[in-house]
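Subject: Handing over a structure to look through

Dear colleague,

Please find the sequence and the structure just below, and keep them open while you read. After them comes a description of what was found.

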Amino acid sequence: MSRTQKMLYGIAAILMVSFFGLGRINAQPVSQNAKSFYEIDKEKKEYWENIPMEERKGWKQYRRWNYFWEQRLYPTGEFPNASQIMNDYYKSLNSKTYKNSTLGKNWTLIGPIDNPESQEVRDQGLGRINIVRIHPKNPLELWVGASTGGVWRTTDHGKTW
């Protein structure tokens with residue numbers, strides 16, 4: 001993937017964070033004092049507390065919003081700051097670590113190339129990597145997560161795991 005493609009993916013991610021971060025649930029007004037996710041959540045639960053489920057207008061949309069943000073908050077309940085994320089992203093693009101990184105340049109398939117034998121329930125397949133994270137202060141340390149639940153760590157830039 002070229003640097004331009006990485007930058008475009010980063011900008012797209014930042015725009016998504018900005019878009020969803022600026023959007024508020026319009027079904028019911030949120031008081032201007034509610035700043036954290038937990039305060040908004042408490043207000044919404046109190047609002048719908050005595051309303052029967054079949055009469056709750058906007059409940060499903062709120063629960064989707066709630067599920068989305070609950071996984072992306074700071075531990076304090078604060079929403080991520082989209083402009084700070086964008087600044088950090090551009091700073092990382094210009095860093096010496098990023099410019100000198102060999103990550104992504106020399107990847108080769110080392111196997112396995114055969115599908116595992118079929119299980120009784122379903123074919124297991126070869127799996128896939130869902131996430132790769134580089135330690136912010138140590139570019140030699142990477143963490144990789146797989147869709148089937150495995151997590152791997154390397155401290156030598158991927159030579160050993």
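The rest of this email goes from the chain as a whole to its helices and then to its strands.

Please bear in mind from the start that this is a predicted model. The chain has 5 helices and 3 strands, and if you follow it from the N terminus, the elements run in the order α-α-α-α-α-β-β-β. Of the 161 residues of the chain, 20% count as buried. Among the contacts between residues at least 6 apart in sequence, 38% join residues that are at least 24 apart.

Helix H2

A good place to begin is helix H2, which covers residues 37–48. This helix has 12 residues and spans 17 Å from its first C-alpha to its last, which is close to the 16 Å expected at 1.5 Å a residue. Which residues of H2 are buried? They are Phe37, Ile40, Asp41, Lys44 and Trp48. These residues cover an arc of only 100° around the axis, and therefore they lie on the same side of H2. What the buried residues of H2 pack against is helix H3, which is made up of residues 59–70.

Within H2 you can also find a salt bridge, in which the side chains of aspartate 41 and lysine 45 meet at 3.1 Å, taken from N to O. The two residues are 4 apart in the helix, which is about one turn. Their surroundings can be compared through their relative accessible areas: aspartate 41 has 10% and is buried, while lysine 45 has 45% and is partly exposed.

The aromatic rings

Aromatic residues deserve a separate look, and here it helps to know that a pair of aromatic rings is described by two values, the distance of the centres and the angle of the planes. The count for this structure comes to 12 aromatic pairs. In one of them, the rings of tryptophan 48 and tryptophan 59 have centres 5.0 Å apart and planes at 80°, and because an angle over 60 degrees counts as edge-to-face, this pair is edge-to-face. Tryptophan 48 belongs to helix H2 and tryptophan 59 to helix H3, so the pair ties together parts of the chain that are 11 residues apart in sequence. Tryptophan 48 has a relative accessibility of 1%, and so it counts as buried. Both tryptophans are members of one aromatic cluster, which also includes Phe37, Tyr38, Tyr47, Tyr62, Trp65, Phe68, Trp69 and Phe79.

The three strands

Moving on to the strands, you will see that S1 (residues 129–134) and S2 run antiparallel and are joined by 5 bridges. One example of this pairing is isoleucine 129, whose bridge partner in S2 is alanine 146. Strand S2 is also joined to strand S3 (residues 151–154), again in an antiparallel way, by 4 bridges, and here glycine 145 has valine 151 as its bridge partner in S3. How many of the residues of S2 are buried? The strand, which runs over residues 142–146, is mostly covered, with 4 of its 5 residues buried.

Between S2 and S3 there are 4 residues, and the two strands form a hairpin in which glycine 149, in the turn, has a positive phi of about 110°. Serine 147 lies in this same loop between S2 and S3, and with a relative accessibility of 31% it counts as partly exposed. Leaving aside its neighbours within four places in sequence, serine 147 is in contact with Arg128 and Asn130. The C-alpha atom of serine 147 is separated by 8.7 Å from that of isoleucine 131, and these two residues are 16 apart along the chain.

A search of the whole structure finds 2 salt bridges, and one of them involves the strand region, where the side chains of arginine 153 and glutamate 141 meet at 3.2 Å, N to O. Arginine 153 lies in strand S3 and glutamate 141 in the loop between S1 and S2, so this pair ties together parts that are 12 residues apart in sequence. Of these two residues, arginine 153 counts as partly exposed at 42% relative accessibility, whereas glutamate 141 is buried, with a relative accessible area of 10%.

With best wishes

How values were computed
Residues numbered from 1 in each chain as written. Predicted model: local features only at pLDDT ≥ 70, side-chain atom pairs only at ≥ 80, totals over all residues. Heavy atoms only, no water. Buried < 20%, exposed > 50% of the residue type's maximum accessible area, 1.4 Å probe, protein only. Pairing = 2+ DSSP bridges. Contact = heavy atoms within 4.5 Å. Salt bridge = Lys/Arg side-chain N within 4 Å of Asp/Glu carboxyl O. Expected span 1.5 Å × (residues − 1). Arc of directions from axis to C-beta. Phe/Tyr/Trp six-rings, centres within 6.5 Å; stacked < 30°, edge-to-face > 60°.
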